[in-house]
Amino acid sequence: MDDLLADFVAETSEMLEASGGEIVAWEADPSDRARLDTIFRFVHTVKGNCGFFDFPRLEKLSHAAEDALAECRAGRREPDSTLVSAVLAIVDRISEMTDAIGAGEEFPAGGDDALIAALQSDETPGVVGEAPSIAPEQPAVGGVDKDAAPKAARNAVQRTIRLPTDLLDEVMKGVSDMVLARNDLARRLREAGEQPTIDGPFDRLSTILADVRTSITRMRMQRLEHLFTSFPRLVRDLSTELGKQVMVDLEGGEVELDREMVEMVRDPLTHIIRNAIDHGLEGPGERIKTGKREIGLLKFAARQSGNQITLAITDDGRGIDTDRLAAKAVAAGIYSQSEIDRMSERRKLYLIFEPGLSTAEKVSSVSGRGVGMDVVRSNIERVGGSIDVTSKPGEGTSFYLKLPLTLSIIAALTVGSGGQRYAIPRSYVEEIVFGSSDHVDFAEAGERRLVTFRGQRVPCLSLGEILGIEANEHVDWESRTLVLIRLATDDVFALAVDRVYDHEDVVVKPIAPAIMETRLYAGTTLLDDGKPMMLIDLPSIAQLRGLVTEMRSSSRVDEEEKVEDRKTTPIMLFTGLDGRQRAARLELVRRIDTISRDAIDIEGSRAQAVIDGAIFSLVGHEYGDLPEEKCRLLRLSDGECEIAYAVREVLDAANMEGEIVPSTVDPAIEGVTLIGNQPVPVIDGHTLFASHRAPRRVDHPMSCRLPADSDWARTILGPLVEAAGYRVSTEDSEEADVEIRLAESTAEISCPARRVIHLRPEPEVAVEDTSDSIYRYDREALLAALKQFRMGKTA
Amino acid sequence: MNELLLMCLIAGRRAAIPAIQVQSVIEIGEITPIPGVPAFIRGLTALRSQALTVIDCSIALGFEGQAEIADQRAAVVDVDGHLYALMVDAAYDVGEARSEPMDVPGGFGPGWQAAARGMVETDGGPTLLIDVQTIVAGSIAEAA
């Protein structure tokens, strides 16, 4: 919303600037129609925007000015100098108010009605008489605002400017050129050997250039909000048309995406929304019958993770009917019934992406016009993204879109084949294995090479063979590196390359149509040394080679088992202070923090860390020495309290696919799991929180009154009582839940507490003491009594 | 009339490319071959931060290409937003056309006929005016 508000302020000041000249010209010649129109448009626009933002004062002002000007435009009123000055006064006031809004200040109230009254036509003499009195009043208001207004105006001008995208592209291209020139220079400098006088400034140049490049990239970013704003309207229109009630929930609008990407996903998203409202969500009657809320929910949630944006579109409708989907697929001749029978539920769900399938019973005006989810998927894939779907009958459907941050920059794996480098989009790369590895078995089925890896038989292609630079029979498979590719369709194949070079973020440029025709390449990019490198189009190659369908018919069973087996648990890998790798379940990790060593306090068995002004129990420090300056911490949470876990380095997030072998020896370890064939101990959250959780803070602590006249009670007893979860009060008049009375104290208390603990000064019970007193240094008994009262209340 | 032309030599014949389409004339340095593409596309070469698709005009016209391509001249043209380097045997000056492009009875030979907009008179004699769009589309080589 802040963003929209800034847009509004910027737009208004822009229009003000633009119409400034017009206003002056209009003043000189009030009968000028063109000027009148311009100013009319301005107040009209302001009025519209104000209504949207709920600025009643601005709206009232602009509405009044608009009315007066409309009269003139309709010829019912002659614009005269009185009217001109009245309108100008209003325009000035709008400008001041907008500045105040932009600066986040409150605009002094009052004065509006006089300005509006000044607009009244001079046929009512009384008002005309008042009009001159407005003029002197005006500077007074301006005077109040004089200090703030110019500052605000400057702020507003600086905050946003509009630029043509072309210009941005040009700047971006220039920066890319600079990076290439820098790389060239870097190479020459390396060749020339070390030159301290040049190397220093050159490094600085490199850093600056990297920063500039990042900023430029950010310039092209747009908040998803801009896309989201159009959805409520779309949903409203569709739901009205279809007689359904839909509520929209938008989340993550602050996530930024490349402008072009936003435009590219607009259509696919619109299509998904249509489908959801038309097929997914039931009508109000049906919903009530199934025990759901009458109003359907359509939820959009965007998240950024690294270089990717995940966008989830969820409805709480009836879910996808996989049986009907399957029946349609059979009817359309895409699959045979026996093929369908062998499919898992998940695979059947994927039928929704098959061309020529629509689950709509009847073709409505909204969806089911033959443009199906297959088009959505291909559009998403074209921009380097992927789409996934999950659905539960009766509960709803979720579509997950994964999109690269920008159209032009993708994360790629550079591989070599035939002495040349190629780039593969990293999103497809599942795993990299050496052909010589023991886990890899090659087999042949007819002409087709197969590779068995982790019990899975997948077709294996040589990149050189695909590109036509080597023949299959000459390939020495064992010497190759295999890149396991998982397409968005979940089809897997292995791509044999000569070697794998590196991970790189590459800027992808389009390629000439004649090269596109080969359907082997998706684009081109320039290497650091300025040489071009081709980006391999994997989905297209898989299609060319028939891998997509082939796998569905031949090794489906293998794959299906895998799909079902993959009940993965996300974990976070890190290195402990002892340098050993460990893992924590990702759900436990709330965030990663870096704090300075000073913020950690260790004394005996107690260790605590201060993060953002709060104290956390620290664990993990027992494994080794803390770093000298900065310390990385994992903040683990059990949902209620947090623990800081000191680590040397946070490595990566991974999926725990195998089982955890429980460990009974070390209670701090839940068990050991295999990550990439390495045993990794997983820390036991239960043990950690059981031993280190801080006492839960009670929202409404019970109060305990201590004798006000005793220093001992205040300094020694007070902290103990607080630690037991009580709020200490010494006010006599305040009503307390528990009161502690000292035997020697004689002060009468006006307002007795519900429960009283008597403390006696001596360990032995005095003869005359009939009350059930506790020795003042009997810590256990005192705490037990306090605890008992607290439990008694909460129970 | 009086269209400016870049005079060049393609497959040993005088040819001309409309100068208005030519951004620059470069010397081709290193070419990154692209496996799997038609032969008339020699690969990619980089011009500053842009990748140019290198088109061998001789092959595109259905002739034998030259094996040696280093240091060869090429005209950089922009077709539909894509940059191409049109490899020529030699690039000469820019000259004026002295006539409208015209057909010659009997044609210019299969490849030339498809790729040329016609023959123009220039100061250097009759010259074939190359149609850049047709050359980069690469349909002639297959047809010929």
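Modeller: Helices here are DSSP runs of H or I with at least four residues, strands are runs of E with at least two, and both are numbered from the N terminus. The model we are reading is a predicted one, and on that footing chain B has four helices and 10 strands.

Biologist: What pattern does chain B follow when read along the sequence?

Modeller: Chain B runs β-β-β-β-β-α-β-β-β-α-β-β-α-α along its sequence. For chain A, the secondary structure comes to 25 helices and 35 strands.

Biologist: How should I read burial and contact range, and what share of chain B is buried?

Modeller: A residue counts as buried when its relative accessible area is under 20%. In chain B, buried residues make up 53% of the 144 residues, while in chain A they make up 45% of the 795 residues. For contact range, take the contacts with a sequence separation of 6 or more: in chain B, residues 24 or more positions apart account for 57% of them, and in chain A the share that joins residues at least 24 apart is 62%.

Biologist: Then let us turn to helix packing; by what are two packed helices described?

Modeller: The description of two packed helices rests on the angle between their axes and the distance between those axes. In chain A, helix H3 (residues 56–73) and helix H4 (residues 81–102) pack with their axes 10 Å apart and at an angle of about 155 degrees. Angles over 145 degrees count as roughly antiparallel, and H3(A) and H4(A) are therefore roughly antiparallel to each other. Their crossing is left-handed, and the residues that make the contact include Leu58(A), Leu61(A), Ala65(A) and Leu69(A) of H3(A) together with Val87(A), Ile90(A), Ile94(A) and Met97(A) of H4(A).

Biologist: At roughly what angle do helix H8 and helix H9 of chain A cross?

Modeller: Helix H8 (residues 165–192) and helix H9 (residues 196–219) of chain A cross at roughly 155 degrees, and their axes come within 10 Å. That angle makes H8(A) roughly antiparallel to H9(A), and H8(A) passes H9(A) in a left-handed crossing. Among the residues that meet there are Val171(A), Val175(A), Arg182(A) and Leu189(A) in H8(A), and Phe202(A), Leu209(A), Arg213(A) and Ile216(A) in H9(A).

Biologist: Moving on to aromatic rings, how many aromatic pairs are there over all chains?

Modeller: Two rings pair if their centres lie within 6.5 Å, and planes over 60 degrees apart count as edge-to-face. By this rule the count over all chains is six aromatic pairs. The rings of Phe574(A) and Tyr645(A) have their planes at 65 degrees and their centres 5.3 Å apart, so this pair is edge-to-face. It links distant parts of the chain, since Phe574(A) belongs to strand E19 (residues 569–575) of chain A and Tyr645(A), 71 residues apart from it, to strand E26 (residues 642–647) of chain A.

Biologist: Is Phe574(A) buried or exposed, and is Tyr645(A) buried or exposed?

Modeller: Phe574(A) has a relative accessible area of 0% and is buried, and Tyr645(A), at 3%, is buried as well. Elsewhere in chain A, one aromatic cluster is formed by Phe228(A), Phe231(A) and Phe300(A). A ring can also be paired with a charge: the charged end of Arg421(A) sits over the ring of Tyr501(A), 3.8 Å from the ring centre.

Biologist: Turning to the loops, where does Arg519(A) lie?

Modeller: Arg519(A) lies in the loop between helix H19 (513–516) and strand E17 (521–526) of chain A. Its phi is near 60 degrees, a positive value in a residue other than glycine, and Arg519(A) is partly exposed, with a relative accessible area of 39%. Ala11(B), in the loop between strand E1 (4–10) and E2 of chain B, also has a positive phi, near 50 degrees. Ala11(B) counts as partly exposed at 23% relative accessibility.

Biologist: In which loop is Ile20(B) found, and is Ile20(B) buried or exposed?

Modeller: Ile20(B) is found in the loop between strand E2 (13–18) and strand E3 (22–27) of chain B, and at 78% relative accessibility it counts as exposed. From C-alpha to C-alpha, Ile20(B) and Leu4(B) are 7.2 Å apart in space, with their positions 16 residues apart in sequence. In chain A, Thr229(A) has its place in the loop between helix H10 (225–228) and helix H11 (231–242) and counts as partly exposed at 42% relative accessibility.

Terms used: Residues are numbered from 1 along each chain as its sequence is written. Chains are lettered from A and ligands numbered from 1 in the order in which they are written. This is a predicted model: local features need pLDDT of at least 70, side-chain atom pairs count only at pLDDT 80 or more; totals for chains, interfaces and linings use all residues. Side-chain values use heavy atoms; hydrogens and water are left out. Rings of Phe, Tyr and Trp (its six-membered ring) pair if their centres lie within 6.5 Å; planes under 30 degrees apart count as stacked, over 60 as edge-to-face and the rest as tilted. Buried means under 20% relative accessible area, exposed over 50%, partly exposed in between (1.4 Å probe, protein chains only). A charge sits over a ring if NZ of Lys or CZ of Arg is within 6 Å of the ring centre and within 35 degrees of the ring normal. Axes are lines fitted to C-alpha atoms, for helices over the stretch in contact, and angles run from 0 to 180 degrees between N-to-C directions. Angles under 35 degrees count as roughly parallel, over 145 as roughly antiparallel, 65 to 115 as roughly perpendicular and the rest as oblique. A crossing is left-handed if the near helix is turned anticlockwise from the far one by less than a right angle, and right-handed if clockwise. Contact means heavy atoms within 4.5 Å.
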